Structures are given as C-alpha cells and as structure tokens.
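Trainee: I would love to go through this one with you, a few questions at a time. Shall we start with the charged side chains?

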Amino acid sequence: MSDEEPGVVYPADEGGLPSLPGARLAVRVVPGDERRGGRDFYDVVALPDGRLAAAVGHLPAQQGSLGAVAVERLRGALAVQLLHGRDAAMAMAGLDRYAEVLPALRGVSLCLVVFDPATRSLECACAGSAGPLVVGPNSVRQLVGCRGSLLGLPSAERPEAARACPISPEEMVVLHTAGAGRRAPGRESPPGRLAALVADPPTDPGELCDRIAERLARRPPGAGGEGAVLLVLSPEPPPADLVLTFPARAGRLPAVRDQVREWLEGLGLGTDDVQDLEQAVGEAAANAVEHAYPPGQAGMIRVSGSLDHDGTVHMVVADGGWWRPPKPDPGLRGRGLLLMQECVDEVQVDPSSIGTTVTLRKAPRRESQPVPPASGAADVRLDLRTRPGEVVVRGDLPERSGPPLRRALLHASRGGAFPVVVDLRDVGEVTDGAVRALLEVGRAADAAGQQLVVVAPPGSSALDALTLVGAHRVVRVVAAPTATASSDGANRVYRRQGEITPPL
C-alpha cells in the first residue's frame with residue numbers, strides 16, 4: 001500500500017460516545033495487526049461530580065482471547081479508581097499496582113486525562129505513553145503531566161499529585177496511542193510528524209479526528225503491526241435547557257416534536273436515540289392534549305429537557321389536568337405509556353390534583369456499532385393471558401431471553417399501568433434472563449402507581465435469584481407450590497381483593 005492509497009478508519013460514527021455537558025468528543029480507530037502489534041483501546045467515563053475522564057492505551061500482543069479480557073479488566077479497574085474520587089495521578093498509581101498482580105496487564109501503556117468543564121482544566125497522567133497534544137488555532141503543545149513507566153513494571157518515579165492545566169475554549173485535546181506517531185507521514189521524529197498533522201486544525205473535533213486518521217490509514221501497519229487510536233476532546237459551553245409551553249391543542253404537536261428533535265440533535269445524540277426520545281415525548285404530549293383537560297376547557301402543556309452530568313437526557317411533560325390510567329384493553333388507542341416504556345430507560349408518572357407530570361430518562365447508547373440480536377432470543381416460551389391479568393412463563397430463561405420477556409411483560413401491563421401477576425412456577429433452573437426484566441417492569445409499574453406480582457415455588461432458582469437481588473423492593477414476590485395441571489388444563493394464581501392466594 002502506498003502513501004496515496006486510502007486505508008481503513010474505524011469507527012466513523014460518533015454515536016457510541018456519550019453526550020456530556022461542557023465537552024465534545026470524537027474518536028477514530030485505525031486498525032493494525034493485533035497478532036503482532038497488540039491491541040489499542042479507549043474509554044470515556046462520566047464522573048458523579050460532573051468531570052469527564054478519557055483514556056487511550058495499548059496492550060502488547062497477547063495470545064488468543066487474553067487481550068480482550070485484559071482490556072475489559074483494565075477498563076473496569078480504571079472506572080473504580082475514578083468513581084472513588086482519585087485524581088488522574090492516583091488513579092494511574094492504582095492501575096500500576098493492579099498490573100503488578102495481573103500479568104496480562106504488565107507492559108500496558110496508557111494516557112489518562114480528567115477534564116472539568118466547570119473550570120476548563122485538565123489533569124493528565126501517563127504510563128509509558130506520550131502526553132496528549134493541545135491544539136489551538138495557532139499553536140500545538142504537548143502536556144507532560146504525571147509520568148511513569150509502563151503499567152506493572154518497576155519505575156524510579158513516584159506518583160505525584162495531579163496538577164490542573166487550563167484549556168482555552170478554542171483549544172482541543174488530542175489523546176493518541178504510540179502507533180499514531182509511528183504511522184504519521186514525514187521524516188521527523190514520531191511526535192514531530194504527528195504535531196504536523198494537527199497544525200492549522202479545523203474547529204470541529206470530528207473533523208480533526210477524520211483528518212489525522214485518514215492520513216494515518218494511508219500507511220500500512222509495517223513490521224510492528226501498530227494500529228492507532230485518536231480521541232479528541234473539545235471544551236464547549238453546556239447546552240441550554242429546552243423549555244416549551246403551548247396550548248393543549250393537537251395542531252401544535254407537530255411543531256413541538258420538531259423543536260424537541262432539533263434540540264436533541266444539537267446535543268450530538270445518535271439517530272436512534274433522537275428518534276426514541278422524540279417518540280416518547282410526542283406520546284406524552286399527545287396524551288396530555290387528549291386527556292388532561294375536559295372538552296372546551298383551555299389548558300397549557302409544558303415540555304422541558306436537560307442533559308445530566310453523566311449524559312442522561314432528562315425530559316419532562318407537565319400539564320394542569322387529571323391523569324387517567326389506560327383501560328385494561330385499550331385496543332389500538334391508549335398505548336402511549338407502553339410506547340414510552342419501549343423508547344426510554346425510565347418513565348415516571350406523577351399524578352396530582354393540580355396536574356400530571358411525566359418524566360422520561362434515557363442514557364444514550366455507548367456501543368460504537370449496533371449489537372446484533374443473539375440467536376435464539378425469541379425462543380422464550382411465554383403464555384400471555386389478558387384475563388385475569390396473568391403472564392405464565394415456562395421453560396428456561398437464559399440471559400438472551402431478557403429483552404423479549406421484558407417486552408411481553410410491558411405489553412401485558414400496558415407499560416406498567418395495569419396490574420399483572422407473573423407466574424414463574426413452571427420455569428426451569430436457568431433464570432438469568434428473568435431478573436432484570438422483572439425489576440425493570442416492576443419499577444415501571446411502581447412509577448405508574450401499580451405493583452407487579454411474581455409467583456415462584458419455594459426453594460426454586462427463580463425465587464432464590466429474586467431474593468438475592470432484593471426484588472421485593474419493587475415487586476411483590478409470592479412463594480407458591482409448583483403448579484400442576486388441573487381438570488381444565490389451566491395453571492392459575494387466583495386474585496381476590498388484591499391478595500395473592502396459592503391454588504388449592
């Protein structure tokens with residue numbers, strides 16, 4: 001491959017990075033030969049105090065699947081260090097001690113920065129890695145920060161307290177692995193060649209990433225097999241909150257959805273997240289228009305949106321009318337709450353005598369590529385019974401059965417607004433897929449003022465799993481004997497005045 005031939009850059013889509021207030025992010029990966037050159041990786045962690053941690057690193061060549069396992073262990077250890085309040089230097093020192101007892105991590109190079117949007121300051125710590133470049137309109141400088149040897153290897157340097165470096169609004173921070181400098185074109189040293197690529201930069205982090213990655217990808221990995229990771233961070237003012245107030249008239253809904261979509265796109269969310277949130281807000285607003293106020297009574301609806309420090313989108317739809325729960329069988333209408341549950345991570349309905357507030361929360365997905373559905377995910381056997389509000393589940397429930405089980409329970413409970421009994425007395429020993437689905441639907445029911453009831457045999461795997469995770473906090477768990485076929489062929493849990501009674 002010559003220098004003029006196009007190469008490969010992965011991923012080109014930024015939808016896998018979180019949208020965080022006060023910063024914009026972009027990442028590109030230029031693949032190398034992992035068998036010879038090792039594995040490059042990156043991570044981004046939103047911290048509870050509003051700061052943002054970003055890291056890029058390189059793991060030396062490993063045998064088989066050890067490389068992937070080691071990277072995930074390192075990323076988990078890094079998150080734990082940061083979430084316990086360590087600064088960049090102390091977090092790196094903790095990783096160094098971890099690598100001393102985990103041979104697969106010895107020799108890893110890592111560059112870690114912690115950015116505080118409130119002060120536009122940056123902490124930096126490096127282990128056997130070059131510091132990040134800070135690129136401005138007319139200058140390129142390299143941060144040194146706290147430096148040490150490769151993780152897990154002896155070093156004469158002691159960890160120092162991290163020192164904050166100010167970053168101007170016009171500057172961008174470029175984190176890169178060593179392969180980026182080696183694959184940069186030119187005759188200078190690797191740092192000099194890389195610095196030449198970022199001179200006179202564009203103002204958008206994604207465009208800068210594209211420029212560097214495209215030039216790196218023109219050159220083959222070479223004898224060392226190195227790939228490269230580029231992660232660009234740019235300070236920006238936190239996004240303004242969304243506030244819309246409009247009359248409760250159906251004709252206003254299309255314009256409201258357009259404004260919500262425009263605001264969400266301005267946050268940098270991926271297409272799927274924008275569509276899901278727009279759909280959920282639209283359903284909540286349409287429900288308020290149709291049901292909040294009696295015919296002929298004028299009323300107003302308020303839609304607001306904000307971005308939490310961890311990238312979670314928080315949407316609120318409020319009216320001054322009355323909440324009317326959906327009917328047990330709404331037909332083709334009245335499924336707004338169910339659709340909202342399908343589109344976002346959390347739906348909370350707060351009815352009161354002075355109005356109803358619907359709160360929607362969704363954390364944008366961080367996968368860089370869509371995850372294909374696991375084969376056999378639809379094999380879970382569900383017996384859905386709309387009368388008397390019962391779901392009977394039979395067979396094993398492996399982890400892959402969780403999503404279809406959750407969807408089935410949400411449909412049966414109309415998004416948590418209609419009481420349902422879940423009968424697990426005929427499930428097998430494998431119940432991994434049931435627990436998360438039951439907890440999520442239980443929370444949805446609790447938010448709608450209902451309670452999900454789960455029936456399982458005493459001593460069963462299902463009951464043990466529910467007990468271990470404390471499911472009783474959000475669902476009512478009832479221990480009942482294993483169901484046996486009665487004369488009419490039905491296995492039922494009878495409900496009398498809201499109480500659960502085991503069958504005779």
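Mentor: Happy to. A salt bridge here is a side-chain nitrogen of Lys or Arg within 4 Å of a carboxyl oxygen of Asp or Glu. Keep in mind that this is a predicted model.

Trainee: How many salt bridges does the rule give, then?

Mentor: The chain has 504 residues, and buried residues make up 49% of them. Applying the rule, the count of salt bridges is 18.

Trainee: How far apart are the closest N and O atoms of Arg257 and Glu278?

Mentor: The two residues form a salt bridge that links distant parts of the chain, with Arg257 in helix H7 and Glu278 in helix H8, 21 residues apart. They also belong to a network of salt bridges with Asp258 and Arg261. For Arg257 and Glu278, the closest N and O atoms lie 3.5 Å apart.

Trainee: Is Glu278 buried or exposed?

Mentor: Buried means under 20% relative accessible area. Glu278 has 11%, so it falls on that side of the cut-off. Its partner Arg257, at 27%, is partly exposed. Glu278 therefore counts as buried.

Trainee: Which residue forms a salt bridge with Lys362?

Mentor: Lys362 is in strand S16 and its partner is in helix H8, so the pair ties together parts that are 89 residues apart in sequence. Lys362 is buried at 6% relative accessible area, and the partner is buried at 3%. The closest N and O atoms are 3.9 Å apart, and the partner is Asp273.

Trainee: And what separates Arg75 from Glu72 in helix H2?

Mentor: These two form a salt bridge, with 3.3 Å between the closest N and O atoms. They are three residues apart in helix H2, so the separation is about one helical turn.

Methods. Residues numbered from 1 in each chain as written. Predicted model: local features only at pLDDT ≥ 70, side-chain atom pairs only at ≥ 80, totals over all residues. Heavy atoms only, no water. Buried < 20%, exposed > 50% of the residue type's maximum accessible area, 1.4 Å probe, protein only. Helix = DSSP H or I, 4+ residues; strand = E, 2+ residues; numbered from the N terminus.
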